[in-house]
Every structure is written in structure tokens, then in C-alpha cells.
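Here are my notes for a colleague who is opening this structure now. Please keep the sequence and the 3D view at hand while reading the points.

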Amino acid sequence: RMAAAPPSYCFVAFPPCSKDGLVVFGKNSARPRDEVQEVVYFAAAAHEPGSKVECTYIEIEQVPKTHAVVLSRPSWLWGAEMGANEHGVCVANEAIVTREPASESEALLGMDLVRLGLERGATAKEALDVIVALLEEYGQGGNYYEDGSSCHTFQSAFLIVDRNEAWILETSGKYWAAEKITEGVKCICNQLSLTTKIDAEHPELRNYVRSQGWWNGDSDFNFSEVFSLSDDHLACCSGRESLEKQGGDVSAQAMIDVLRDKDSGVCVDSESFLTTASIVSVLPQDPSFPCVHYFTGTPDPSRSVFKPFIFVDDVKLVPKVQSPSFGNDDPAKKIPRFQEKPDRRHELYKAHEWARSLLENDQDKGQKLMRIMLDLEKQGLEAMEDILTRTEVLDPAEVVDLFYDCVDTELKFFK
């Protein structure tokens with residue numbers, strides 16, 4: 001039996017299910033409990049012809065121009081669990097298990113493909129095209145965890161969203177299928193979900209599965225049935241119902257509430273896995289309004305603050321949610337890899353650990369602190385709602401240090 005994939009959850013809601021002509025995206029990243037996630041920003045950049053980019057395990061050809069991106073990522077790797085770019089594209093990945101064993105050979109990780117899609121795609125469809133072209137060229141494989149004792153490998157699924165549409169992309173090796181979504185609420189988790197509605201696919205997909213004897217060519221082609229190990233590809237998404245119950249009112253707050261829900265299993269806190277970071281993005285369908293991306297940068301969304309980020313030029317960097325850098329001495333970069341685990345905690349993570357112990361050991365103080373944190377979050381949500389409903393154009397100076405200030409304020413409360 002292959003190791004279970006970490007139970008992350010990704011969601012998207014489109015009008016009329018969501019409020020005010022907004023597309024709302026969210027993800028809880030379930031990862032090994034002690035792994036630290038950082039929130040990092042990379043400005044748009046031009047690259048010399050012929051230059052290369054060093055991903056987690058392999059080097060690939062760089063493109064002439066990369067878009068500005070903000071990412072939430074396990075701090076030992078190059079890619080990301082989830083993130084957004086300056087064009088209002090959001091991408092999140094899921095580790096999945098298919099009947100095709102995932103490769104242990106070092107190639108691109110699913111997380112690398114998240115970042116590459118964001119850096120190179122100005123729309124959801126462009127990001128999808130980037131990811132599948134790179135899969136074809138370089139393949140996917142290598143250890144998903146910072147673990148020197150065992151190689152954990154998975155196939156990848158992605159939720160790729162922009163202001164107009166979303167794509168669910170599911171892969172097995174270099175083969176893939178994708179479904180386009182423009183309405184309703186969708187959830188993906190750590191198992192296959194595509195069935196017979198396939199809007200794009202690898203040109204050799206059907207020939208390949210026939211040659212493997214997984215499909216006879218006569219019945220309807222059902223991607224999950226063909227590629228799943230067993231019948232566990234049925235409805236996996238408990239959170240979807242809570243979002244659908246909102247009627248036409250899915251907002252950033254509603255998405256945050258779903259991500260915080262431990263009873264539904266969407267907020268993971270188990271022996272092996274924890275929701276180590278979360279994101280919620282609000283993408284107005286009207287392009288004259290900015291997109292807003294909320295990051296926790298800390299584990300367990302039910303005890304974290306969602307802090308807003310908006311892309312503007314010269315956005316202020318936030319070292320307090322960035323893990324220390326070990327350069328070429330990083331055990332993740334040396335072969336054999338992961339022979340030791342450095343302390344990757346950033347300043348906000350450490351402060352949050354202290355707050356968590358307070359919540360666990362001193363109910364009164366803990367509850368009081370939690371109220372202050374939620375109040376801080378509410379102020380941020382209301383300020384963003386104001387930006388998304390006013391008629392005048394946003395002055396970039398107003399939000400250049402938005403995320404920085406929110407992290408700073410949160411740290412002050414912890415102190």
C-alpha cells in the first residue's frame with residue numbers, strides 16, 4: 001500500500017455562488033507536522049537568453065520574463081504549495097496517488113510546477129499550458145518531504161484560477177487531463193476528481209491507457225476510474241457543502257471559516273499531518289479592481305491570522321515571515337540530501353509557537369489573545385472590502401506595506 005497523500009484541500013467559488021462578482025479561491029496546505037512554511041515575494045524579472053533556473057532538484061531552461069509572484073512554500077524547497085501572480089492567477093497543488101507509481105528520480109516536484117506556472121502564465125490557461133509542457137519535457141519526481149530516511153513520492157493535481165475561469169488539472173507521470181470551470185463551487189483534495197468531463201488532455205492519453213489495459217476504448221473515458229487505485233475517488237469534499245450552503249454569499253470570510261473547520265476534516269490536525277499554512281484569494285471579475293491574497297504564514301488556520309497582500313510595484317518585503325537561508329550549505333541542496341534538518345523557523349512562526357502554547361495552557365489568556373487576533377483579521381478584511389467596493393482607483397502607496405504592517409502588528413500582539 002502506498003503512503004497516503006497529505007490531505008490538503010483547495011476550493012474555488014464563482015459568481016453567482018460568490019459575492020459581488022468576486023472569484024474566491026482558498027487552500028489549506030497539509031504537510032508533515034514540523035515543517036515550516038514561509039511567505040515569499042519575487043518581483044517580475046527579465047532573464048538573459050540561455051539562462052537556467054535551479055528548481056528544487058533539477059535545473060531547467062529559464063524564460064525571457066517572469067511575472068511577480070507571492071508564494072506560501074515549505075521553506076526547504078524552491079517551488080510552492082500555493083500562491084498568486086501579479087496578473088491575478090492563483091495556483092495550488094495536491095499530492096495524489098494513482099495506479100502509476102510516482103517516480104523517485106529527481107525531476108520537477110508538483111510544488112515546482114506551481115511556481116513555474118505562476119511565473120510564466122498571465123492567465124489560468126497559460127499557467128496550465130506551461131505546467132503540462134514542463135511535465136512533458138522534464139517529468140515529475142523526487143522526494144516530497146525533507147526526509148533523509150525515506151523517499152515520499154506522489155503524482156500531482158492542480159487548481160489553477162484567474163478572474164474568469166478555473167482549471168482542474170490532474171496528472172500521472174507526464175499524462176494529464178483537465179476540466180474548465182466557470183461557475184459554481186469546486187473542491188479538490190488528495191484524490192482524483194475528474195470523470196468524463198474533460199476539456200483538455202495529453203494527446204496520447206487514451207492510447208497510453210489502452211496500451212496499459214486500463215481502458216478498453218468502448219466505455220466512456222472516465223479519468224478517475226482509469227487512474228485510481230481503488231474506488232476511493234468518490235466525493236472527498238466535505239467543505240464544498242458548507243460553501244454551497246452560503247447561497248450566493250461566498251466571501252473571503254466564508255472561505256476562511258471553511259478552512260478553519262476541524263470537524264469537516266478540511267483543517268487537518270492529525271498524528272502525521274497538520275495544516276501548516278493557508279491562503280484565501282479574492283479575484284474581482286472587473287479588472288479595474290485589485291486582487292487581494294490573504295496568507296497565514298503559520299500553522300493551523302483556526303489559530304492563525306489571515307493577512308492581506310496586494311501586488312503593487314516596490315511592495316515592501318517581509319523578512320519576518322521568511323525562513324533563514326542556508327545557501328549552498330543547505331542539507332536540502334547537498335547530495336545525499338536531508339542528512340540533517342536545520343532550524344527553519346521564521347520570526348512569526350516562533351511567536352506563533354509561543355501563542356499556541358498559551359492557548360493550550362492558559363485558557364483565559366489564550367482566549368483573550370485569540371479575540372485580539374481575530375479582531376485584527378476582521379479590520380484587515382473590512383479594509384480590503386472597502387478597497388473592492390469603492391469607485392476611485394487604488395493608490396499603490398496605500399498598500400505598498402500592507403502585508404508588512406499586518407505581520408508587524410500580529411507580532412506586537414504576541415510580544
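1. Is Phe 223 buried or exposed? In this predicted model, Phe 223 has a relative accessible area of 0%, and since anything under 20% is called buried, Phe 223 is buried. Phe 227 also has a relative accessible area of 0% and is likewise buried.

2. These two residues both belong to helix α4 (residues 223-227), where they are four residues apart, which is about one turn of the helix. Their rings form an aromatic pair, with 4.7 Å from centre to centre and 35° between the planes, and the pair is described as tilted.

3. A search of the whole structure gives 14 aromatic pairs. One of them joins Tyr 144 and Phe 154, whose ring centres are 5.3 Å apart and whose planes stand at 80°, so this pair is edge-to-face. Both residues lie in the loop between α2 (124-138) and β11 (155-161), ten residues apart. Tyr 144 is buried at 2% relative accessibility, and Phe 154 is buried with a relative accessible area of 5%.

4. Aromatic residues also gather in a group, for Tyr 41, Phe 295, Phe 309, Phe 311 and Phe 403 form one aromatic cluster. I would ask the reader to locate these five residues in the 3D view, where their positions in the sequence can be compared with the cluster they form.

5. Two rings have a charged side chain over them. Arg 115 lies over the face of Phe 42, at 4.1 Å from the ring centre, while the charged end of Lys 125 sits over the ring of Trp 167, at 5.8 Å from its centre.

6. Strand β11 deserves a separate look, as seven of its seven residues are buried. Side chains in a regular strand alternate between the two faces of the sheet. In β11, Gln 155, Ala 157, Leu 159 and Val 161 point one way, whereas Ser 156, Phe 158 and Ile 160 point the other way, and all of them are buried.

7. What does β11 pair with? Strand β10 (residues 90-96) runs antiparallel to β11 and is joined to it by seven bridges, and within this pairing Glu 94 stands opposite Ala 157. Strand β12 (residues 166-172) also runs antiparallel to β11, and five bridges join the two; here the bridge partner of Leu 159 is Ile 168. With four residues between them, β11 and β12 form a hairpin.

Note on methods: Residues are numbered from 1 along each chain as its sequence is written. This is a predicted model: local features need pLDDT of at least 70, side-chain atom pairs count only at pLDDT 80 or more; totals for chains, interfaces and linings use all residues. Side-chain values use heavy atoms; hydrogens and water are left out. Rings of Phe, Tyr and Trp (its six-membered ring) pair if their centres lie within 6.5 Å; planes under 30 degrees apart count as stacked, over 60 as edge-to-face and the rest as tilted. Buried means under 20% relative accessible area, exposed over 50%, partly exposed in between (1.4 Å probe, protein chains only). A charge sits over a ring if NZ of Lys or CZ of Arg is within 6 Å of the ring centre and within 35 degrees of the ring normal. Two strands pair if DSSP finds at least two bridges between them.
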